[in-house]
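Work through the exercises below with the structure in view. Each task is followed by a solution in steps.

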2 protein chains.
Amino acid sequence: MAVIPIDDPLDARVAVFRDIRERDLTGRQGLFVAEGEVVLRVLASPASRCRPVAALIAEKRIAALADVVEALPPETPVYAASQPVLDSIAGFHLHRGILAVGEKPAPPPLAGLLAGMGDDHVVVVVACGIGNHDNMGGIFRAAAAFGAAAVLLDGRCCDPFYRKAIRVSVGAVLRTPMSRGLGARELIEGLSGAGFRVLAMTPSSLSPLHLSPRGGRTAIVLGAEGPGLPPDLLQRCETLGIPMSGGFDSLNVATAGAIALHHFTREA
Amino acid sequence: MAVIPIDDPLDARVAVFRDIRERDLTGRQGLFVAEGEVVLRVLASPASRCRPVAALIAEKRIAALADVVEALPPETPVYAASQPVLDSIAGFHLHRGILAVGEKPAPPPLAGLLAGMGDDHVVVVVACGIGNHDNMGGIFRAAAAFGAAAVLLDGRCCDPFYRKAIRVSVGAVLRTPMSRGLGARELIEGLSGAGFRVLAMTPSSLSPLHLSPRGGRTAIVLGAEGPGLPPDLLQRCETLGIPMSGGFDSLNVATAGAIALHHFTREA
């Protein structure tokens, strides 16, 4: 695959990479921008669930990334530019020197997604109202590290394909099966109907996580930091808590999720 | 305690709050700047190990924070300014509207710190070469959540009193006993000599964390993301790993630390 040199920041072929920060704020229909080598490697790998649309790389980094460039589909253009041209296109100093645009996969219907999963030691994460992109990225990173079968996001969650969330997830957002846009109640009912134990993590629970049996189909429900899960949702779930030291604020939501994943994905 | 109004951004009494970002970069001798209500509440609480030096609060927030202002020592001045004056002092838009300056506590000698701890179910965290302030804050947050007796930082770690690390820790940096500046080898030898099992978390370990016995004195050693712990340090420790799903990057170091803390701080 030939790399296409770009000398003019206004070149129409790289318009999709222009003024990234502003586009982050306004949101994108169908496309996302990712940055950095780790994420580009995931996007180019067979594990990715997203179609790579284009890549834009600092020319000084092209040689070291030859294998990644080669791994991209032949129809994906790879552009190379000097660092000043790259910075001018992006609208800020892009010290990582690597940008890629990909296509968000269409979220599959929940029933079909769940039907394709196994029956034992299957764990999914349900995220409700997660508004912080660091937490979103952290939830996906942990889900991938522990082999969760999917991450299900309710309609109040922020966009997991936001550049920072992808980066914090070290690319897990691009490879993890997910559902987006359903209400939390629909998700919980769909999971219960498909034979999942639906377990809400909440500091107020008197049932400690580490005593909860594992195996079968398990859904770990995480709520927003601060308010947590609304009472009407908690009533539809078993609740579990992580015992903590008195007098201190609760754990970060992504950390609590990782601790629960560690518990439920173990074989014994 | 009377609140002191500030109308002039150049008022010498608030010089310590000036151009915070630039000062973040150059570092501070002995003092730190913290921001936000959660952190101010910790600084004003009996749990804080840091002397509050001064606070600067948006005047529209003063009424709601009357109890915190009251909890500060009478010799700590509390300044109030309009949002534009506040922004002008800080050098950027301070949407949280709350700044405080405190004094870093002198780190106690390691032997004395360890001697004051109990003998059973005592857990400390050792952080080696942690260079990222988010991770540093996350390690302190988890240490406080699980009641770790101390966090011991080797000389290659970044400053835990950097503003962002304090914020991510939700104030735990201000209340957690810590040691700073010793070499990792000195820390490990000091801990071994004081009867601690020294357990290094590393993805390469064949011993899974969840099978490791708890109780007694335990030190959890965490290395930098990416390179991890150097081989000469690993040889001086037992190693433990967190089994993960094949083909994915390891966990975030703060998350791995939290999972280990959850394991070792449980009673059963």
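**Exercise 1. Find how many residues of each chain take part in the contact.**

Step 1. In this predicted model, 29 residues of chain B touch 29 residues of chain A.

Step 2. Putting the two chains together buries about 2,400 Å², and 64% of that lies on carbon and sulfur atoms.

**Exercise 2. Work out how the two copies are related.**

Step 1. A turn of 180 degrees, with a shift of 0.0 Å along the axis, lays chain B on chain A with an RMSD of 0.0 Å.

Step 2. The copies are therefore related as by a two-fold rotation axis.

Step 3. Of the interface residues of chain B, 100% are also interface residues in chain A, so the copies meet through the same surface.

**Exercise 3. Count the salt bridges and polar contacts between the chains, and describe one salt bridge.**

Step 1. There are 2 salt bridges between chain B and chain A.

Step 2. One of them joins A:R141 to B:E225. The closest N and O atoms of this pair are 3.1 Å apart, which is within the 4 Å cut-off for a salt bridge.

Step 3. Residue pairs in polar contact between chain B and chain A number 8, counting those with both residues at pLDDT 80 or more.

**Exercise 4. State which helices of chain B help form the side that touches chain A, and sort the residues of that side.**

Step 1. At least two residues each come from α7 (133-145), α9 (172-175) and α12 (253-264) of chain B.

Step 2. The residues on this side of chain B divide into 15 nonpolar, 9 polar and 5 charged.

How values were computed: Residues numbered from 1 in each chain as written. Chains lettered and ligands numbered in written order. Predicted model: local features only at pLDDT ≥ 70, side-chain atom pairs only at ≥ 80, totals over all residues. Heavy atoms only, no water. Least-squares fit on C-alpha atoms with pLDDT ≥ 70 in both. Contact = heavy atoms within 4.5 Å. Buried area = accessible area lost by both parts, 1.4 Å probe. Salt bridge = Lys/Arg side-chain N within 4 Å of Asp/Glu carboxyl O. Polar contact = N/O pair within 3.5 Å; in protein donor to acceptor, adjacent residues only side chain to side chain. Helix = DSSP H or I, 4+ residues; strand = E, 2+ residues; numbered from the N terminus. Nonpolar A, V, L, I, M, F, W, Y, C, P; charged D, E, K, R; others polar.
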